[in-house]
Amino acid sequence: MEPLLTYAGQHGALLLLLLTPLLWDLPAIFTVLELNSMMPVTGGYYKWVKHALGTRWGFYEGWWTWLYTFIDLAIYPVLFVLYASFFFPWLSDYHYKIPLCLIFIWLSAGLNILGIVPVGKTSLFLGAAVLTPFIILFGLAFYHHTVTTIPSPSLKGIPFSSLGMALYTVMWNCLGWDNVTTYAEEVEKPVRSYIFSMFAAFALVIVIYFLIILVSQQSGLNIGALKEGAFPAVGAAVGGRWLGDLIALAGMASSFGIYAAVLLSVSRVPKVMADDDLLPKRLNRLHSQFQTPYVSIIVCSLVGSVMILWPFLDLLIIDVTVYGAGLSLEYISLIKLRMVSPDVHRPFKIPLNITGLCLMIILPVTVYFVALAGAFSSADEAVWAAVFAIVVLTSAELVWRLIVWKKPHLNASPNPLQRSGL
């Protein structure tokens, strides 16, 4: 979240931080909760789209999400090294950075092979390790009256390209609500658990992000110092070096915890796609002892090991652009299922009719295209990242054509809605 102040300035950062999640996240959360309550199955969003729109679009959803997660996974080892370099600046050197990122990736792979429970327990522990230093920071900031006034919200004077990058920053920090649905069959009481956890997480995320940006604004640090030292520099400015160290440790814990959770999510998608004959059968192999898709986990880790070579900014743009395309298929599936299966039981149902759902979906779609347009009007690096993301999206059709060329029965199969009775 640190780059937000650089792009949006003192007056635009908090405004975008409050508005963007309402427009970008809430429609996604509601959509995920309704679809998951209908079909809490392994594969999550891939299965929803396949049921609603057919095998071809189900493949698109799985392929795009698989690619986006490869990109997303590459971000967290890089962030881990960024925070670790607060203690040891020499770690940012290329010769040390790459080996440390690889150790990070394969430790997480080993943890994921052990199963969902070890990953969940580790994430809970690391979540507490992340939150505690920030609670201390907020307490000290308000105790010492570091936070006095809130800057007036305004987007005036922000270049359109900077607005696009600011949106990408917030969107990336607030995406992935559908990720946790891919292992729904491994979760106790999935409908109830997801409703509680998503709304609790959303509230916590918004409060923490708002407070840390507010404290950063009024810590006395200039934008350059914040950009170079990140949130640990804010901790050091407010509470001293010891607090900066704690926040750097929190950043490392956050990076590892999120990476492990994302890998847990994405490793289930190729497994169920392989079950459906859309990917090689080897990807659905389960570990004999832990019953985890270990081949899929290893493949994801191999690709992530290559993707760490990309610059952070490029990864951010590609990540959000590809993710947004996959999310759009979930919105379309929501509308389709409301139209063709209105009477199917939905333990959680968005209290809107079809017209209301269409209006709701316009909100995140608008944010998505404003951010994409901002990237195209930005520096050359951002433009090429956006172009690469679009090329990645088009690869789904090419791969689909290759699949149906070898397996023509997939293209001729009936709509799963008819077959399943939905």
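Me: Contact means heavy atoms within 4.5 Å. On that basis, what does L137 touch beyond residues up to four places away in sequence?

Reply: This is a predicted model. In it, L137 touches I212, V215, V234, G235, V238, L243 and I247.

Me: What makes L137 stand out in the largest nonpolar core?

Reply: Its contacts. The core has 146 residues, and L137 and I213 are those with the most contacts inside it. Helix α3, residues 55–84, gives the most to this core: 18 residues.

Me: Why is α8 called roughly parallel or roughly antiparallel to α9?

Reply: Helix α8 spans residues 223–239 and helix α9 spans 241–266. They pack at about 155°, with axes 6 Å apart. Angles over 145 degrees count as roughly antiparallel, so α8 is roughly antiparallel to α9. The crossing of α8 past α9 is right-handed.

Me: Which residues make the contact between α8 and α9?

Reply: From α8 come F231, P232, G235, A236 and G239. They meet R241, W242, L243, G244, I247 and A248 of α9. By class, the contact has seven nonpolar, three polar and one charged residues.

Me: Why does G235 count as polar or nonpolar here?

Reply: Gly is placed among the polar residues by definition, so G235, an α8 residue in this contact, counts as polar. R241 lies on the α9 side. Arg is in the charged class.

Me: What is notable about phi of D277, and where is D277 found?

Reply: Phi is near 70°, a positive value in a residue other than glycine. D277 sits in the loop between α10 (268–275) and α11 (294–307).

Key
Residues are numbered from 1 along each chain as its sequence is written. This is a predicted model: local features need pLDDT of at least 70, side-chain atom pairs count only at pLDDT 80 or more; totals for chains, interfaces and linings use all residues. Side-chain values use heavy atoms; hydrogens and water are left out. Axes are lines fitted to C-alpha atoms, for helices over the stretch in contact, and angles run from 0 to 180 degrees between N-to-C directions. Helices (H or I, at least four residues) and strands (E, at least two) are DSSP runs, numbered from the N terminus. Angles under 35 degrees count as roughly parallel, over 145 as roughly antiparallel, 65 to 115 as roughly perpendicular and the rest as oblique. A crossing is left-handed if the near helix is turned anticlockwise from the far one by less than a right angle, and right-handed if clockwise. A nonpolar core is a set of buried Ala, Val, Leu, Ile, Met, Phe, Trp, Tyr and Cys residues joined through side-chain atoms within 4.5 Å. Buried means under 20% relative accessible area, exposed over 50%, partly exposed in between (1.4 Å probe, protein chains only).
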